[in-house]
Amino acid sequence: MTIVSVTLMINGEERTTEIRYADILLTVLREKFGLTGSKPGCLNGDCGACTVHVNGKPMKSCLMLAIEAVGEDITTIEGLKGTPIQQAFIQHFAFQCGYCTPGFIMNCQALIQAYPDAGDKVIKEWLESNICRCTSYEEIEAAVKSVLRSEA
Amino acid sequence: MEIIGKSVIRREALDKVRGRAVYTSDDTSSSVLHAKIVTSTFAHANIIAVDVEKASAVPGVLAVITGEQLPLTGEEIRDRRPLAADKVRYYGEAVALLVADNPHTAAKAAALVHVEYEPLPVVHSPTDAIRKDAPLIHENVDEYEREEGADPITFTNINNYTKIRKGNIEAGWRESEVTVEASVSIPPSDHAAMETRAATAEIMENGEIHITSSSQAPFMIKRLLSTYFDIDVGKIIVNTPFVGGGYGGKASVQQEILAYLAAKAVDGRKVKLEYSREQDLTTAPCHVGLDATIKLGSTKEGCLKAAEIVYLFDSGAYSDKAVHLSRAGAVDCTGPYDIEHIWCDSYSVYTNHPYPAPYRGFAHSEVLFAFERAMNMLAEKLEIDPLEFRLKNAILPGHTTPTQVVLNRSTVGDLPECLRRLKKMIHWDGGKPTRINERTVRVKGISCAWKNSTIPPDSISGAILTFNEDGSINLISGVVEIGTATKTVLAQILAEKLQMDVGNIHVKMTVDTQTTPEHWKTVASRGTLMAGRAVLAAADDAIVQLKNAAACVLRVSKDDLVVANSRVFVREEPERGLDFKEIAYGYQYPNGNAVGGQIIGRGTYIQRNMTHLDKETGAGRPGPEWAVSAQCIEIELDQRDFTYKVVRAVCVLDAGRVLNEKAAWGQVTGAMSMGLAFAGRETFVFDEKGRMMNPQLRTYRPMHYKENPRYLVDFVETPHLEAPYGARGVGEQGLLGVPAALANALSVAAGTALNRLPLTPETIWRAKAKEEASNR
Amino acid sequence: MIPFDFDYFNPETVQEAYHLYHSLTEAGREPVYFSGGTEIITLGRIHQLYTDAVIDLKGIPECRTAQLDDEHLYLGAALPLTAVEEARLFPLLMKNVKEIADHTAREKVTLGGNICGNIFYREAVLPFLLSDSSFVIAGKDGLKVQSIHDVFEEHIQLAPGEFLVQTITEKNFLTAPHVNIKRKRQWDTGYPVVTVAAAIVGRRLRIGISGLCPFPFRSYEVEAALNEPALSPEQKAELAISHMPAPILNDSEASAEYRLFVLKNTLTDILVAFEGMGRR
């Protein structure tokens, strides 16, 4: 087994740890750094609960090897504080059990940054990437639109 | 102060949006060992040999466990070894369990466990399972140890049988001028909570067993582990952090048993068992399937007279909760209608499918799918408007239920009002198709629903209120926060009762069975009623203590004191009083003397006057109240392709009293959405060998964002007098009528009776093709 | 979580990658090329794929091109599908890839990964089949350009160690009238029951199909049927159905019979739509 030492840039901090090349980013975030806000839901790229940002773009951290993230700028839900989208999720009751929430918020935040004036079509295209089983989709829609409008 | 009804923000909201809310698998400390299960690749087979040699030899593997020596488990019938021995009975069944020092070693070693099987014939449905020549999945179910109330039939695949006999069915048929018969079929599916099942277990040197689990039933874990393994119940301590979605699926006890066995095998060290998504779908308990036949009879004018019903619940490989599900299905075996003559046989039947957990609605959405399809078929035959037909027969105070409970306004609510409001909201058009274009029609389908929660008659809930020295209150209840916001609602109930700022109530979100009073299980929409009543009782207890302390200090009679705004004060002179903070930890006089002590309120609730069902007639009082609703699903069907879109989903329910409006709305629409996905798409697909072909979220697909229709919800408020502020459960209602309403709409649009789920375009195409073939 | 271990290499040139593959193979290793890696990660997790050495192609500049010159469009095989969408250079391909997986996953799934993948839909190949594109293949003699029809038959046909570097598509084709229709089991999510890509080139209809058989294809018999001048759209579709290759998939998405039903309707719709366009 090859163990290598890597330095990752996570939430603006340089973090060094030992990994296997076969380790996915999600596992390293959770097990090595205790950043458990990113959730495992399928480890198959299907549910979006593990979504983080890599260079500002949404990324399912179960679909990326940790080694691929070296030299990239990674943001996890723990790196997001006091953003309008987080506040909007609270105000609009956009979650119930909360398990999908970090991933959903990361995806919404990436969308807001990429397309501050996104309309329904783009919102739908982006948000199909995450599953909310409690199904607060209506409320999530209201939350994301409230931020898009106010930033547009 | 009006706190009841307000959309108070859920107390854990900030943690949830910051990724700080902790769930079971978030325990990532490096001292934790990792368990992995090896699962069956056959649906039904004898186990010839389990070779664990290679797996055991992998460096880092600490233990490999197999099933032979393990006790039989199961909630009402002990028919299941935690790890299969001798025989596997469903695809995905746990066969062996490994413990390793990291997850990838455990996974690697799991693949090296070699199991030799001898395949057996597979039973694919409950209908097949009751055929005379069906292979027996359990050789003799009668030999298993069981709880009173479970009623298997010797040398059959039937593990429970419940009879409902109300009135005289022969007389019912004599009085019936028009009859229909409907056969329906629902395959098993899943809860698919976003958090897969997980548990950790650790055995301390003093023998205490510490379990942490993604569970809706921490107190049941404690009780069952104690029973199965003969451990003192007080030595088992179960913790539940936040739970990432339950919907009933996490009310069964499975992974906790395995985690315990794993910890035991490694000298009690802490072990974590996380199910992969594939295991969560195949191995863990599923959503029950049902085959049903409904015969309905009415007068020419549409007055229902007789219902003759057979329910075959798909128990899968083991009985566990299926026994109870089949009983609950019998209790509310009809829709919410006044029917004089009812005859129902409800069976729980073994098959080679996964075995079921409870699922939002606990057998009701399945039963209602069958019954409400029959209602529409009868309305069609009678040429009566299906809504007027339902209104005419709607269950009312004074009527009796299938188990012969006489209803009143408090226990049954107001179904006619639900129907009337629905009619107005949806601009009811009689359910006739409206043509949109050459190929597309738009149709509204409706359904009614009701539900009683058939939980054990002696189910309990407790609450503790501990006061802080600043006068704020800690609220401790055994309800698990699975997403329903019940703990926030409990804080609202308490704030309303004490007339204080809800912000000064701190809610303990986690449960640990050693310090938290029991709440039977966080299921069945019982949180608000049972835990709410316990909180009210605890508040009363605290009020007595507050008043006693204040009466002493203020030298007044406690009868002259009032509690509000975190103060105890004299009714006539509100300025004369004491703040909570002055007495919460005892009162200290200026000279240093102190009296009283910490205010600690305690309250309990136990169900009142519930009874078991009579074995011959089913008569009995199964639960305190019924909740009722009327629903509409409006669809547009492409009559060439049989593709359709759901335009809107509407639910009018009698909520008794809405306690937190936005949270209630979310519960209702979330339930409707689950119902739509369940009815429209979700099903396990098994091949001819009984292997599940879609055990991932890319093949087993819950609803996604862009598929979500528009929702309309309206609340009727007929108080349930026994419940806090009159509230009825709202977590399940939204789902109950959806499958039937969808099928009723699509049946009109497609011009053929659609009585099988899921209602995919292919299902509709098949039904059409079958009908055309039979017409030829 | 991948249960086995592998080494990881990220070469910077085509030659380096190719040589790595060979030296690893000679050393008895089982290397695989990796661009998005989504299949390697997800299939590896469930023991359906094994490797002990991963060669990541993302760092090779040729594999990341998206460039249009006077005559041709060049797209790198390691481009994420979202990059293909955002480049807006190839409208049919853009529509086609938008239907693959979901938006976030497409940030990772690459063009080459989809075309060369194990998961048999490989829908992104359809636009290239329809446009008679060429593939740039890295091999022992460096880069070679081959017609797609010589290197893609059900799946990519490469010698050990060869890999797809780029696609080359004639600029003329990019503006051809086209449609891409993905029909799913239910509503808007999931694998296809069938995906049909179609384009009109020189007044002839070209059709590529994925999800019907356990491989994507473009069939000249099917196209001949669909271009039969004397027939109505329904008749053409009917005739085309009789020329479909075997086997027709029968799985948890759809039965074989239903797939053909859906395909026939989809083909009819496409024919009607193009006839309408032709008349204008």
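Colleague: How many residues does the contact between chain C and chain A take from each chain?

Modeller: In this predicted model, the contact takes 27 residues from chain C and 26 residues from chain A. A residue is counted when heavy atoms lie within 4.5 Å.

Colleague: And what is the area buried between chain C and chain A?

Modeller: About 2300 Å², with carbon and sulfur atoms giving 54% of it. On the chain C side, C:Tyr8, C:His103 and C:Thr104 lose the most area to chain A, together 24% of what that side buries.

Colleague: What makes A:Lys57 and C:Glu86 a salt bridge?

Modeller: Their side chains meet at 3.8 Å, N to O. The rule asks for a Lys or Arg side-chain nitrogen within 4 Å of a carboxyl oxygen of Asp or Glu, so a pair like this one qualifies. Across the interface of chain C and chain A the rule finds seven salt bridges, and there are also 15 residue pairs in polar contact, both at pLDDT 80 or more.

Colleague: Which elements of chain C give two or more residues to the side that touches chain A?

Modeller: Those are β1 (7–9), α2 (38–45), α3 (81–87) and α5 (103–106) of chain C. Sorted by class, that side of chain C has nine nonpolar, six polar and twelve charged residues.

Colleague: Let's turn to chain B. How many of its residues are in contact with chain A?

Modeller: 58 residues of chain B are in contact with 46 residues of chain A. Chain B and chain A bury about 4500 Å² between them, 53% of it on carbon and sulfur atoms.

Colleague: How do you know that B:Glu682 forms a salt bridge with A:Arg133?

Modeller: By the distance: the closest N and O atoms are 2.6 Å apart, and the cut-off is 4 Å. Across the interface of chain B and chain A the rule finds six salt bridges, along with 31 residue pairs in polar contact, both at pLDDT 80 or more.

Colleague: Which element gives the largest share of the side of chain B that touches chain A?

Modeller: That is α17(B), with ten residues. By class, this side of chain B has 23 nonpolar, 20 polar and 15 charged residues.

Colleague: What makes you call α17(B) mostly covered?

Modeller: Of its 20 residues, 17 are buried, and buried stands for under 20% relative accessible area. Helix α17 runs over residues 661–680 of chain B and reaches 28 Å from its first C-alpha to its last, close to the 28 Å expected at 1.5 Å a residue.

Colleague: How many salt bridges are there over all chains?

Modeller: The count comes to 80. One of the pairs is B:Asp654 with B:Arg728, at 3.7 Å, N to O. This pair links distant parts of the chain: B:Asp654 sits in strand β31 (residues 644–654), B:Arg728 in the loop between β32 (710–716) and α18 (733–736) of chain B, 74 residues apart. Both B:Asp654 and B:Arg728 are buried.

Colleague: The side chains of C:Glu275 and C:Lys236 meet in a salt bridge too; what is the distance?

Modeller: It is 4.0 Å, N to O. C:Glu275 is in helix α12 (residues 256–279) and C:Lys236 in helix α11 (residues 233–241) of chain C, 39 residues apart.

Colleague: Why is C:Glu275 called partly exposed?

Modeller: Its relative accessible area is 30%, and partly exposed covers the values between the 20% and 50% cut-offs. C:Lys236 has 10%, so this residue counts as buried.

Colleague: How do C:Arg259 and C:Asp251 fare, buried or partly exposed?

Modeller: C:Arg259 has a relative accessible area of 0% and is therefore buried, while C:Asp251 has 29% and is partly exposed. Their side chains meet in a salt bridge at 3.1 Å, N to O.

Colleague: One last residue: why is C:Thr51 counted as buried?

Modeller: Because its relative accessibility is 0%, and the cut-off is under 20%. C:Thr51 is found in the loop between α2 and β3 (53–56) of chain C. The side chain of C:Thr51 reaches the backbone oxygen of C:Glu30 at 2.7 Å, and a polar atom of that side chain lies 2.9 Å from the backbone oxygen of C:Ala53. Leaving aside neighbours within four places in sequence, C:Thr51 has contacts that include C:Phe4, C:Pro31 and C:Ile40.

Key
Residues are numbered from 1 along each chain as its sequence is written. Chains are lettered from A and ligands numbered from 1 in the order in which they are written. This is a predicted model: local features need pLDDT of at least 70, side-chain atom pairs count only at pLDDT 80 or more; totals for chains, interfaces and linings use all residues. Side-chain values use heavy atoms; hydrogens and water are left out. Helices (H or I, at least four residues) and strands (E, at least two) are DSSP runs, numbered from the N terminus. The expected span of a helix is 1.5 Å times one less than its number of residues. Buried means under 20% relative accessible area, exposed over 50%, partly exposed in between (1.4 Å probe, protein chains only). Buried area is the accessible area (1.4 Å probe) that two parts lose on being put together, summed over both. A polar contact is a pair of N or O atoms within 3.5 Å; within protein, one must be able to donate a hydrogen and the other to accept it, and residues adjacent in sequence count only if both atoms are side-chain atoms. Ala, Val, Leu, Ile, Met, Phe, Trp, Tyr, Cys and Pro count as nonpolar, Asp, Glu, Lys and Arg as charged, and the others, Gly among them, as polar.
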